[in-house]
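User: I'd like to go through the terms used for this model and see what backs each one up. Can we take them one by one?

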Amino acid sequence: MRLAGFLAPAGVYAVVTLLHLALPARAVDGYVVDPATGRPYRYRLNGLSVFAVTVALWALACWQGWLAWDFFWTTRWEGLAGACVLGLLFTLVIVLGAPRSGRGLLADLFLGRASNPQGLGGRIDAKMWLYLAGATMLGLNLYSFAMHHRLAFPADPSPCVALYTGLFTFFLCEYLFFERVHLYTYDFVAERVGFKLGWGCLVFYPYFYGIGLWSTADLPDPHAPHAMLAAAAVLFFAGWSLARGANMQKYLFKRDPAAKFLGRIAPEALSDGSNRLLVSGFWGAARHVNYLGEFLMAIGLTLALGHPDRLLPWLYPLYYVALLVPRQIDDDRRCSVKYGALWADYVKRVPYRIVPGVF
Ligand code: NDP
C-alpha cells in the first residue's frame with residue numbers, strides 16, 4: 001500500500017502522458033515566437049479530454065473494486081513523497097539537458113534554462129504537459145479526499161465538501177477548456193522550465209492547492225449556514241468573472257486589436273505607433289485586476305469548506321498573495337522595459353495595480 005501510494009503520481013503522470021499523445025488534439029499557434037524559426041510555437045491541446053478520460057478511468061477502477069475510492073487520501077503522504085521525487089528528477093533532466101545560461105548552476109536549476117522545451121517532434125510541450133499533469137493529479141486527489149469524507153460520515157456527509165469539490169472541478173475544467181488562452185500568459189512569456197515550474201506543477205499544484213480539503217475531509221459536517229455557502233459561491237464566481245473576463249479581453253485584443261469584446265465592447269488602446277496597450281474594460285480598472293479575481297476565487301473556495309475558524313485552509317488564499325503580488329511587480333518591471341514611455345502613460349492612466357481604487 002505504501003509503495004503503491006508512493007508510485008501513484010508516477011502512474012497518473014504516465015497515463016496523462018499517454019492520453020495526451022494518443023487522444024485527438026487541436027493544433028494551435030501560440031503567442032511566443034520560436035527564435036529558431038521566427039514563427040510562433042505550435043501546440044497540441046487536448047487537456048480537457050485527457051482530464052475527463054483519466055478521471056473516468058479512476059472512477060471505473062474504483063467502481064470495479066481495483067482501487068479504493070479513498071486511495072489517494074489514505075496514501076496522500078506517500079503520494080506527496082513520490083511526487084517530490086518526480087519533481088526533482090524532472091528538474092534535473094530538463095535543466096541539465098539544456099544548454100547553460102551563464103547564470104550559474106543553482107539559478108539554472110531553480111529557474112530553468114530552456115524557455116519553451118518541446119519534444120517528440122513538437123507533439124509535447126513541457127509547460128502545457130506540466131499544467132495538465134498537475135491539474136489531473138489535483139483533481140484525483142480532491143475526488144479521493146471527498147470520497148474519504150463520504151465513507152467516514154455516510155449518514156451525515158457535509159454539503160460543504162460537495163460544494164468545494166464542485167467549485168474546484170469548475171476551476172480545473174474551465175482552465176483546461178480555455179487552455180489556449182494560457183499560451184498568452186506570463187508563464188509562457190517570462191518563465192523558463194526548472195524547479196520552480198516543474199516542481200511547482202508536479203508537486204505543489206496537486207498537493208497544496210487542495211490543502212483545504214486535505215485539512216478538513218476527516219471532520220464531520222460543520223453545518224455551516226446556507227448564507228455563508230451562498231456567499232462563498234458568489235465570491236468564487238465573481239472572482240472567476242474578473243479573472244476570466246480580463247484574460248479573454250486581452251487574448252482577443254492580442255489576436256485582433258480591433259475586435260469587440262463579447263461582441264459589444266470596442267477596445268480602447270494607448271499606442272506609440274508600434275505597440276498598443278488596452279486601457280478599457282478590465283484593463284482600465286487596474287493593471288492586474290485578473291489577480292484580484294484569483295484572490296476572490298481562493299477565498300470563495302476556502303469559505304465553501306464551512307470551517308472559517310481553521311487556519312490551514314487559509315494558506316491557500318495567502319499563497320496567492322505571496323505569488324501574485326511579487327509577480328505583478330515583476331511583470332510591471334518587464335513591461336516597463338518592453339514598452340518604455342507607453343507603459344509610463346498606461347500607469348498614469350490606470351494607477352491601480354490589482355485592486356481598483358485601493359491598491
Ligand atoms: P496577465 O494575464 O496579467 O499578463 C501580463 C501580460 O499581459 C504582460 O506581461 C503584457 O504582456 C500583457 N499586458 C499587460 N497589460 C496589458 C494591457 N493593458 N494591454 C495589453 N497587454 C497587456 O498575467 P499572468 O500571465 O501572470 O496571468 C494570467 C492569468 O493566470 C491570470 O488570470 C492570473 O491570475 C492567472 N494565474 C493563475 C494561477 C493559479 O494558480 N490559479 C497562478 C498564476 C496566474 P505582453 O508583453 O505580451 O504585452
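Analyst: Here is how the ligand site and one helix pair get their labels. This is a predicted model, where local features need pLDDT of at least 70 and side-chain atom pairs count only at pLDDT 80 or more, while totals for chains, interfaces and linings use all residues. Residues are numbered from 1 along each chain as its sequence is written, and side-chain values use heavy atoms, with hydrogens and water left out.

User: What makes D331 a polar contact of the ligand?

Analyst: A polar contact is a pair of N or O atoms within 3.5 Å. A polar side-chain atom of D331 sits 2.6 Å from a ligand oxygen atom, so the pair qualifies. E294 has such an atom at 3.0 Å from a ligand oxygen, and H288 has one at 3.4 Å.

User: How do you know how much of the ligand the protein buries?

Analyst: Accessible areas come from the Shrake-Rupley method with a 1.4 Å probe. Alone, the ligand exposes 920 Å², and 93% of that is buried by the protein.

User: Which element gives the most to the shell around the ligand?

Analyst: That's α15, with nine residues; α15 spans 315-339. Helices here are DSSP runs (H or I, at least four residues).

User: Why are α7 and α12 called roughly parallel?

Analyst: Angles under 35 degrees count as roughly parallel. The axes of α7 (residues 159-177) and α12 cross at roughly 10°, so the two helices are roughly parallel to each other.

User: Which residues of α7 make the contact?

Analyst: Contact means heavy atoms within 4.5 Å. From α7, C160, L163, L167, F170, F171, E174 and Y175 take part.

Note on methods:
A polar contact is a pair of N or O atoms within 3.5 Å; within protein, one must be able to donate a hydrogen and the other to accept it, and residues adjacent in sequence count only if both atoms are side-chain atoms. Axes are lines fitted to C-alpha atoms, for helices over the stretch in contact, and angles run from 0 to 180 degrees between N-to-C directions. Angles under 35 degrees count as roughly parallel, over 145 as roughly antiparallel, 65 to 115 as roughly perpendicular and the rest as oblique.
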